[in-house]
Amino acid sequence: MSYAQTALDQLEKGQIDAFKKQYALALRHDDDDTLFSLAEELYSLGFLNQSRRIYEKLLAKYPDEDELRTNLADIAIDEDKDDQALDYLNQVKPSSPAYVESLMVAADLYQTQELFEVSEQKLLTAKQLAPDELVITFALAELYFTMREFRKAIPLYLELITAGTTSMSQVNLVERLGVAYANAGRFEQAIGYLKQIHSGDMTPDVKFETAFTYLQLKERPTAIRLFDELKDSDPHYTSLYPYLGQALEEENRLDEALNALQEGLGVDQYNEKLWLQAAHVATKLADEDLAEKYLKQGHELDNDDLGAVIQLSNLYVKQERWDETVALVQPYIKDENTDPQLYWNLAVAEEHLEDFTAARQYYDAAVPFFMDQADFLKPAIYFYREEGASDMVQKLLVAYLKVVPDDQEMALLLEGYQD
């Protein structure tokens, strides 16, 4: 038995001192092939220093063996010594048999640095040089998956599966392909792969993607079941709650939807979107006090979120709380990107507060955005009529009658202006 094998046996038994002794003997007495195999084994076990020492010894003896440089670069990357890793990799020339491997190691390095485009170029070059090497295809697919470039990842995963490879580096490629299809919005294709995965084998992320895909396909009962399973197994998987609430709401199970969203708020109380969604469901349940409470909470978390301002001002308008509407909305109308709903709400509030100059200003701002909405046009017509703005009244009447052509009152009013 070689010293290397004895060293590994001692390591397996947890005899570290004995391992160190046998390792030292291996360095002095074992042949080079045995040492190379020992270095690989030690690297896989996480003994980087011992593995590096062997590779450095062999490289000094065989300076043209670039595989040793790529292995040393791998170790340097694991030790966060990026500059050292690049020094090794830059010594590998394109004519070297280890050049493709060096490209893959370099791609790994640049990916850890989040230099994804550089990593991509390294892998594309490697794939061009070795188009049939599946590990390169896998690495490129995984890079695109990490970059959320799912449309680029899909054909690569398909290439691997078509070649008969359904698992690589402990990654389920069928699962990956299904998730990639889902994130690319190709839900029919996604579910064909995702439903092949046994529920017990699904990671939380894959179960979420599967439930989300069923929701997009309007198969809401299945989506709800999977979201519930995920919630039961991992209640802190916060991303599930908005979609579970959505699925229950779309099934008109409003009480359950509100309960699900409240559960979500119990584990993710700083998610302003969740507060707004809960407020929306509370409004549908005619619980305006609860809706207001949730809207104020969401608004407090993010004052810049116009969604909260719009929903809360809509509630104030419905409840005829005109002063509160103005106080809430006015700070948000200075930006030219203001949502036009805020102009509408301010116009109505100022009209009721009898500040007709301000009301006219906000109606004028809102008009271009609501020329196809009867519930805006009709009150606006009456407002402009009181203002004596006959040209605007006629313009709005024409637009209104396109939407509600059988409103005889408005038709007669238009005829009067035309006459």
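Salt bridges are my subject today, and this predicted model holds 22 of them. I shall present three pairs and one network, and then turn to helix 11 and an annotated repeat.

The first pair is arginine 69 with aspartate 66, whose closest N and O atoms are 2.8 Å apart. Why can these two side chains be considered neighbours along helix 5? Arginine 69 and aspartate 66 lie three residues apart in that helix, which spans residues 66-78, so about one helical turn separates them. In general, an α-helix has 3.6 residues a turn, so residues three or four places apart point the same way. Are the partners buried or exposed? Arginine 69 is buried, at a relative accessible area of 11%, and aspartate 66 is buried as well, at 10%.

The second pair is arginine 176 with glutamate 142, where the N to O distance is 2.8 Å. This salt bridge links distant parts of the chain, for arginine 176 belongs to helix 11 (residues 173-183) and glutamate 142 to helix 9 (residues 134-146), 34 residues apart. Glutamate 142 has a relative accessible area of 15% and is therefore buried, the limit being under 20%.

The third pair is glutamate 249 with lysine 284, at 3.2 Å from N to O. Here too, distant parts of the chain are linked: glutamate 249 sits in helix 15 (residues 240-250) and lysine 284 in helix 17 (residues 272-284), with their positions 35 residues apart in numbering. Glutamate 249 counts as buried at 15% relative accessibility, whereas lysine 284, at 44%, counts as partly exposed. Elsewhere, shared partners join the salt bridges of Arg52, Glu56, Glu79 and Lys81 into one network.

Let me return to helix 11, the helix of arginine 176. How many of its 11 residues are buried? Nine are, and the helix is mostly covered. Among the buried residues are Leu173, Val174, Leu177, Val179 and Tyr181. The elements covering them include helix 9, helix 10 (150-162) and helix 13 (204-216), as well as strand 1 (167-168) and strand 2 (171-172). At the N-terminal end, asparagine 172 caps the helix, with a side-chain oxygen 3.0 Å from the backbone nitrogen of valine 174. After the helix comes glycine 185, which has a positive phi near 80 degrees.

Finally, the annotation. An unreviewed UniProt entry places the feature "repeat: TPR" at residues 238-271. In the model, that span is 74% helix and 0% strand, and its end C-alpha atoms lie 9 Å apart.

How values were computed: Residues are numbered from 1 along each chain as its sequence is written. This is a predicted model: local features need pLDDT of at least 70, side-chain atom pairs count only at pLDDT 80 or more; totals for chains, interfaces and linings use all residues. Side-chain values use heavy atoms; hydrogens and water are left out. A salt bridge is a side-chain nitrogen of Lys or Arg within 4 Å of a carboxyl oxygen of Asp or Glu. Helices (H or I, at least four residues) and strands (E, at least two) are DSSP runs, numbered from the N terminus. Buried means under 20% relative accessible area, exposed over 50%, partly exposed in between (1.4 Å probe, protein chains only). UniProt positions are given in the numbering used here, feature names are shortened, and annotations may be inferred rather than shown by experiment. Contact means heavy atoms within 4.5 Å. A polar contact is a pair of N or O atoms within 3.5 Å; within protein, one must be able to donate a hydrogen and the other to accept it, and residues adjacent in sequence count only if both atoms are side-chain atoms.
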